[in-house]
Amino acid sequence: MDKVNILEHKLVSKHIILSIEEEESFLKKYNISRNNLPLIKTSDPVIKALEEQENILLKGRIIKIIRPNSPAGEGIYYRYVVE
Amino acid sequence: MASDEFILERLDAILHYKVSDAIMDESKKKLIDYNANVHEFTEAEVEIIANDIVLEYDKARVDPGEPVGTVSAQSLGEPGTQMTLNTFHYAGVAEINVTLGLPRIIEIVDVRKDPSTPVMTIALDEENKYSRDNAIMVARRIEGTTVENVARQTALDVINTEFHVYLDSERIEDAGLVMEDIIKKLKKVKAIERIRYDEDENTIIMSLGDISLFKLRRFSQKIKILPLKGIKGIERAMIKKEGDEYFVYTEGSNFADVLEIPGVDYKLAMTNNIYEIYEVLGIEAARNSIIEEIQNVLDEQGLEVDRRHIMLLADAMCLEGDIQQIGRHGITGEKASVLARASFEVTTGHLLEAAREGEKDRLTGVTENVIVGQPIPLGTGTVDLVMKVIDEDNKEA
Amino acid sequence: MNEEEILIFGPPKKIKEISFGVLSPDNIRKISVKNIVQADTYDDEGYPINGGLMDPKLGVIDPGLKCHTCNSKFGECQGHFGHIELARPVVHVGYAKEVYDILRSTCRECSRVLVPEERILYYEEKLKEDGVRTGMRQTIISELINESAKKKGVLKDNKCPHCGTEQIKIKFEKPTSYKEGDKKLTPADVRERMENISDRETALLGWNPNASRPEWAILTVLPVSPVTVRPSITLESGIRSEDDLTHKLVDIIRINQRLRENLDAGAPQLIVEDLWELLQYHVTTYFDNEVSGVPPARHRSGRVLKTLTQRLKGKEGRFRNNLSGKRVDFSARTVISPDPNISINEVGVPKFIAMELTIPERVTGKNIERLRKLVVSGSDTYPGANYIIRYDGMRKRVTDITRDILAEEIEVGYIVERHLLDGDIVLFNRQPSLHRLSIMAHEVRVMPYRTFRLNLCVCPPYNADFDGDEMNMHVPQTEEAQAEARILMRVQEQIISPRYGEPVIGGSQDYLSGAYLLTKKTTKFAREQVDQMLYVSSINTDLPEPIIIEDGVPYWTGKQLFSLLLPPDLNIAYKSKVCKKCDVCEGKKCRHDCYVLIENGKLISGVIDGSTFKARSTCKLLDKLVKDYDTDVGRKFLDSVTCLVLWSNGILGFSTGIDDEDIPKEGLDVINKVLNEGKEKVDKLIGSYNEGYLEPLPGRSVEETLESKIMQALAEARDKAGSIAERYLGMNRGAVVMAKTGAKGNMLDITQMSASLGQMSVRGNRLHRGYMKRSLSSFIQDDVNADARGFVSSSYKKGLNPKEFFFHAMGGREGLVDTAVRTAQSGYMQRRLMNALQDMSVSYNGTVCTNDGVVAQFIYGEDGIDPAKSTYGKAVDIDWIIHKNLYQNKEAE
Ligand SMILES: [Mg+2]
Ligand SMILES: [Zn+2]
Ligand SMILES: [Zn+2]
Ligand SMILES: [Zn+2]
Ligand SMILES: [Zn+2]
């Protein structure tokens, strides 16, 4: 049996780390600052799993989330990683 | 006549970024279907229809300033008066009861860490999901078995301060245990001085040394509920066939541990305990789960509420990276406005805190502006009318 | 504000910000107009005592007197604060806990926070960090307090990291005393310590130095609220009755004076301490009379006093009762009654209300003659006017004597407050206002008698009926408000519910059963009947060719008449509510005429019923008309169809009676047989249980298994009995028509009337409580038979025997209790949801933001679609768009 990888659980939407350039253009597009974004904690299991998988620290980064089961087909959301 | 390629190409070109993916996909499917079966479109017709889809989509958009929060709150609150208070049978298995209706909705928005009826629906992996025997095996791994569960009878020997457990071989086998396991487990209990197995009687006898009767009784109760195997928090596990697959349903929930059980398809295992989902799978999964759980209750009650309202509620609850309660200790309690907080609950507490912290109320919310008697900053209140005053001295300008 | 003032000052001022802070002793003295020293209020002649609690400098509460501070009259002066110099400092109860936190986290010697410098810097940094949202702050502060608190194991050697002084544990004795070790700390001691804390460190402890200092939580001066806040009232007997706050202040001053006298006289420590504590008690209860551990202060009569906190708190407190919810002018309330002949957009307003409520209309060159006529007619004849307002804001009542003069006087620029007229826009409301559809804008229709009149189609959103319901009406006074109400809030704009995107306004009851009768295949009308029907439903189109001609007399079908209500380009097909769920739907050839087909605005086949225009349900036609045509089209359809159906109902006749539930004897025999079989099955189950053969279901005990199997058997029996009864219940019975068309009731109700009621239950179980081990004393204990546990085999029509009647009442009672509990619970949940979500709105860039600017969604609902404008949750109806465009194309050809 494989090791439990929560990123593959049905309820976990796809989390994508935005590159620094993408972050800038995203913030510009919506004309907002990081502090006005929805948050996700560094202690969040998904963030921990991503950090391990990518081997980087994510505090201060912006995560793009692709949500299934949306009236739009796919819903797009962003969260700012905080402690 | 318009070819399928033409239809796809034009829809892609015209609808792109103007409508949602869902509508894009549906348009393609419907147009091609219609083209093939009902009426062959001319190219001009395709253009017109594609443009009209964009137009109609724009017509259906929310207006800026729309108080969507209030509408969501009302859309979820109003049907509350029509919901039942009863606990109903679980849709899956008749034997498991689950709280539904208004109490369940309240439980969800309260973010109760221990919901009144936690249950799990556990899918099995390829190896186990088609076989009844395998499914039962997995269920046994999950279900907790206590000493009491495998005993025919228990007795206290007051004179020798002993506790006798008369075992039931059949039950031991049912639970997938062997004698050695049980004795091993019992040996780990510190209070037991000596442990003996009487094969003729099929009885385990535990000596406890010199202790009072009261203590002996208390101890025996503790031994009775000593878990021999299974997962903490799960009281019962049952299997049920759906289609050609077996699922395990449990009363009680322990999401983290169940995911690790061999035979379980951890990608599809579900619990109705939202807080557990938050702890194990994170905020986004919790948000999805809040939506599904609320939707589930409303569906069961036959009440229609647009999914967008539930989504907004869930997003509001998950805004800060953890699940916030709807109420004093959550969203409302952390509002920036002093007046809004004070008018909700614990009025003086919020006023005193505001004074101490020297807070400023910027009057950006609804309640604050109602309190001071100003138009609220929603809907038509988001825009101001600016009128050019004619300067009497410079009429020409 | 009058015209000139507006020109001078511009638009009304707007409050931008409200700052909160703690009053310092200096500030209290500064805002005070008088040092209050007398514990008395009025002298024997009834004049306020100088230096007393009712000092004339504190404001005026008697008409006729003038304020000694600002010299304005009663009603104009808002009152002024006074102050009391306390002989000894006391603790402010509201901050007692915070004072404790400070005491235990600061050094007893140097008053510095008991963490090393680097930790101070760390916390300072953490609090400064931008993006600290509200709520986080308090967490950080309590973290620091915990780290610095004088408790075991936290502090190294229990010594101050700054000066090295050994610390002693502080004990907080609720509500307001502190001990350091065994020594009591007086408020004076506490105050002294806190005075020494630097601004920088108070900020870390949650006291913003710009607004508050911790030592101000220890009161040395007490503000005395203005008399306008605590007016005394004169009873009929001439005795003055003072406000609760005044009573409390009297106590404070009295004790304060005694304490001062004793101090001056050098009284023994014990007496001073007692008085000091008493002063603390009175000041505490002055602020909050519900502090736990403090006996509440009482009035002489034994009533608990309502002091400052009690005035603000709770549902009846200042916030929720006066600030969040306000009383308003220009409103009316009366009983409602139905009127099917007015539009859904209208509300019938009784004349006497229309003459009381007014609309201010500014006089212009265009309306001056009309307004003059209204003024001439005066305030006692309808239509008239009640007031005129001159440029300078001078308001004049229109009376019988003045009306002619005032009519002469008015000129362009004046404002006339005229009576309500037909067509004016008003807001109409019914409590409980659970959703936005509970307040809608209606057009006035002035009518005789004393009730508000309401079209029946708007009952569902208000949840109104006419068994004595009352409703409220509000008259918007400004043009801006009127325009907003008319454009956004008018009834026809609310036909589609924002909750699920389907109509909440629409037909019900007779409208649906009547529409069924009207559009049934067999219905036909002669010429004069048709004329009447078209007249009442204001249809002005040409009559189509009659379809039926019998003996040379032309007849029109109901379907033809109904078609006249539809837009000519409408094409739609759906199944009607009466559909028997035929195995294969035969389309327009359906035997039951249940396939509704509308081609080019003509009803080709199918009967019209609930699935066409029933409120609060999926009703295809009304939905389509409103969303894809216009709200106007939808409104006209509803207005016309209801009138049409009512008139046709008058012609065709429709009734229900007890014979609707008749079932022939052979039918009843079968039903009885089925029910008896069910009971026999139960007997068998009980038998096998008693003999021990019953196999338990997995995870269930044998008893539980028996119970669930019995319930199953009985439910089966009742269902069978019901379906047998249904065989005899055809569409020739009024009750069945009502159930099948969705007008009222359902088939279960009818079979309960005609066949059997079935199992009564409480909390989902069969009835078993009441007596020990039995439901009624006439059964033996532990009897689990059908009859003993509330199975009612009689029907309503047959009548219930006494036991059955009692069981039925038990089941019914649960329903009542449930409703009562539910309203309370859901009310609170609604309030919480509202408070949590109300500040979220859609911004111009499409995001959903809270008022703090935090984005909650990047596109509303992830697709930016308003549920009220969607088609069943989807953004657009692609089928309809294809159809619409192809049709238009055909037209063009
Ligand atoms: Mg009523
Ligand atoms: Zn004054
Ligand atoms: Zn020190
Ligand atoms: Zn049918
Ligand atoms: Zn049919």
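Which strand of chain C is joined to strand S13 of chain B, and how many bridges join them? In this predicted model, strand S13 (residues 360-361) of chain B is joined by two bridges to strand S1 (residues 18-19) of chain C, the two strands running antiparallel. Within this pairing, B:Lys360 has C:Ser19 of S1(C) as its bridge partner.

The strand pairing belongs to a contact between the two chains that involves 106 residues of chain B and 104 residues of chain C. The size of an interface is often given as the accessible area lost when the parts come together. For chain B and chain C the buried area is about 9900 Å², and carbon and sulfur atoms give 57% of that area. On the side of chain B, the three residues B:Glu78, B:Arg308 and B:Arg356 supply 8% of the area that this chain buries against chain C, which is more than any other three residues supply.

Polar and charged interactions between the two chains were also counted. There are eleven salt bridges between chain B and chain C, one of which is formed by B:Asp63 with C:Lys869, where the closest N and O atoms lie 3.4 Å apart. In addition, 46 residue pairs between chain B and chain C, with both residues at pLDDT 80 or more, are in polar contact. Helix H4 (residues 68-77) of chain B provides ten residues to the side of chain B that touches chain C, the largest share of that side. When the residues of this side are sorted by class, 48 are nonpolar, 28 are polar and 30 are charged.

In chain A, four strands form an open sheet of mixed pairing, in the order S1-S3-S4-S2. Strand S1 (14-17) and strand S2 (39-41) of chain A stand at the edges of this sheet, and because each has a single partner strand, one side of each is left without a neighbour in the sheet. From one strand to the next, the twist averages 40°. Strand S3 (residues 62-70) and strand S4 (residues 73-82) of chain A run antiparallel and are joined by seven bridges, with A:Arg67 standing opposite A:Gly75 in S4(A).

Helices from two chains lie across this sheet. Helix H2 (residues 45-54) of chain A lies across S1, S2, S3 and S4 of chain A and runs at about 55° to S1(A), while helix H13 (residues 283-300) of chain B also lies across S1, S2, S3 and S4 of chain A, running at about 25° to S3(A).

Terms used: Residues numbered from 1 in each chain as written. Chains lettered and ligands numbered in written order. Predicted model: local features only at pLDDT ≥ 70, side-chain atom pairs only at ≥ 80, totals over all residues. Heavy atoms only, no water. Contact = heavy atoms within 4.5 Å. Buried area = accessible area lost by both parts, 1.4 Å probe. Salt bridge = Lys/Arg side-chain N within 4 Å of Asp/Glu carboxyl O. Polar contact = N/O pair within 3.5 Å; in protein donor to acceptor, adjacent residues only side chain to side chain. Nonpolar A, V, L, I, M, F, W, Y, C, P; charged D, E, K, R; others polar. Pairing = 2+ DSSP bridges. Axes fitted to C-alpha atoms, helices over the stretch in contact; angles between N-to-C directions.
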